[in-house]
Amino acid sequence: MAYRRSSCAGIVWCRMVVVAGAWSILWPGPLTSLRAQAPLTSWRVTEVWRTDGTDDGEPLADPRDLLALKDGTLWVLDFKDQKIRRFNPAGKELLTVGREGGGPGEFRNANGLLLHPDGTIWINDPLNARLTVFAPTGRYLRQHSVGNWGWGMRWDAWIEVATGRVADPVPRASGMGSAARGWRMITPTGARRDTVAQPVCPSGAAPPSLRYQAETKGKNRGMLMSRYPFTTGGGAAADGRGGFWCADAGSARAALLRLPNGDTVASTNIVLPPISVPRAERDSVSRAIRKQTARYATSDFDGSRLRDTKPGIAYLSVDYDGRLWVQHGHRFGVAGTTFDVHDSRGGHLGRLTIPLTLLHEGFMPVFARGDDVWAVVVNEDGVPSVARYRIKRH
């Protein structure tokens, strides 16, 4: 996988950055101008297998990340249990990898996986302040101490394909702007090199990022802070080959920027305008938030501030083949999750719909190679499963 998206949608605190160092990259091929709207090509997907883990073990608790090896073996990070669940290409569960702890091959707060070009699997473990490396067989190989700066819900790192360097998101450094982000580059031997700044995405007139807060003071104190619904969307996804796809919450297309200078060199050729939010959806969301904030003594949530539109682009990710996946904003009452798949220069390849809702929408992408797609989905009861799908091209 070339990239794990860097987004703050739906969480209180996000990873911010540091000063950029030098980063030399050869840009592949000629620049591509912005395109007009392209005709749509529809793809179908069929389910190959799906499992909630109970066939051979305990139910999946909280899958936070997954990766698929070239042979179709699937690794799933179960955050609650702090172990890696593995499944063979047919969906049969294999031996788990790791366990909770501080010893070699153990995790305390593992929150993400990366498949390295050399075939090894890298696991972020911020509470142990290290990256742990496993062989494709599940054998522990080594660990790299990288320093503990904090962590988010999911590790949104990516790999620089030509060098094998891991681009690890880092927090904001003193003196940097509040919107600045970036990555520290870690070599395959664990050495830290340059820090690369994330370029600023062309603005699509994103809606204001409004927040609400609920709080209980005193002995039983507690606090909840979150963004208002319908204001977050877009995304960011480095392709690992010198490019950086991005869209803010007001954008109808994704732009491809050149790293590290941020020049815009291409865009997707499918327009995804804002989606209308019906009254039923606004009321449903308002009731859910009020129920949640009712557990606190005070709350400044104001239902009248809910927007009547939401972003057309919900998420961006780049798959194992370098294709860009643009996830559509969810339409109220419509089952499934729709994607437009684009080539490495933004040309439209196909539109498809995964028939179930994705777990952790806005945080975790689907993973694809060729015509195979893997995803973490939930059923109507909210039970998570991992699934493998097959693309059927018309």
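This report looks at a pocket and a sheet in a predicted model.

Residues are numbered from 1 along each chain as its sequence is written. In this predicted model, local features need pLDDT of at least 70 and side-chain atom pairs count only at pLDDT 80 or more, while totals for chains, interfaces and linings use all residues; side-chain values use heavy atoms, with hydrogens and water left out.

**The pocket**

Let's start with the empty space. On a 1 Å grid over the protein atoms alone, a pocket is an open set of points where a 1.4 Å probe fits, with protein on both sides within 12 Å along at least five of seven lines; its lining residues have an atom within 4 Å of a point. The largest pocket has a volume (the space filled by probe spheres set on the points) of about 1000 Å³. Its lining has 30 residues, and P229, F230, T232, V285 and E361 lie nearest the centre.

These elements (DSSP runs numbered from the N terminus: helices, H or I, of at least four residues; strands, E, of at least two) each give two or more residues to that lining:

| Element | Residues |
|---|---|
| Strand 14 | 222-227 |
| Helix 1 | 279-293 |
| Strand 22 | 313-318 |
| Strand 23 | 324-328 |

Helix 1 gives the most, with six residues.

**The sheet**

Now to an open sheet, where four strands follow the order 5-6-7-8 with antiparallel pairing (at least two DSSP bridges between two strands). Strand 5 (112-115) and strand 8 (140-145) are at the edges with a single partner strand each, so one side of each has no neighbour in the sheet. Between strand 6 (residues 121-125) and strand 7 (residues 130-134) there are five bridges. N124 stands opposite L131 in strand 7.
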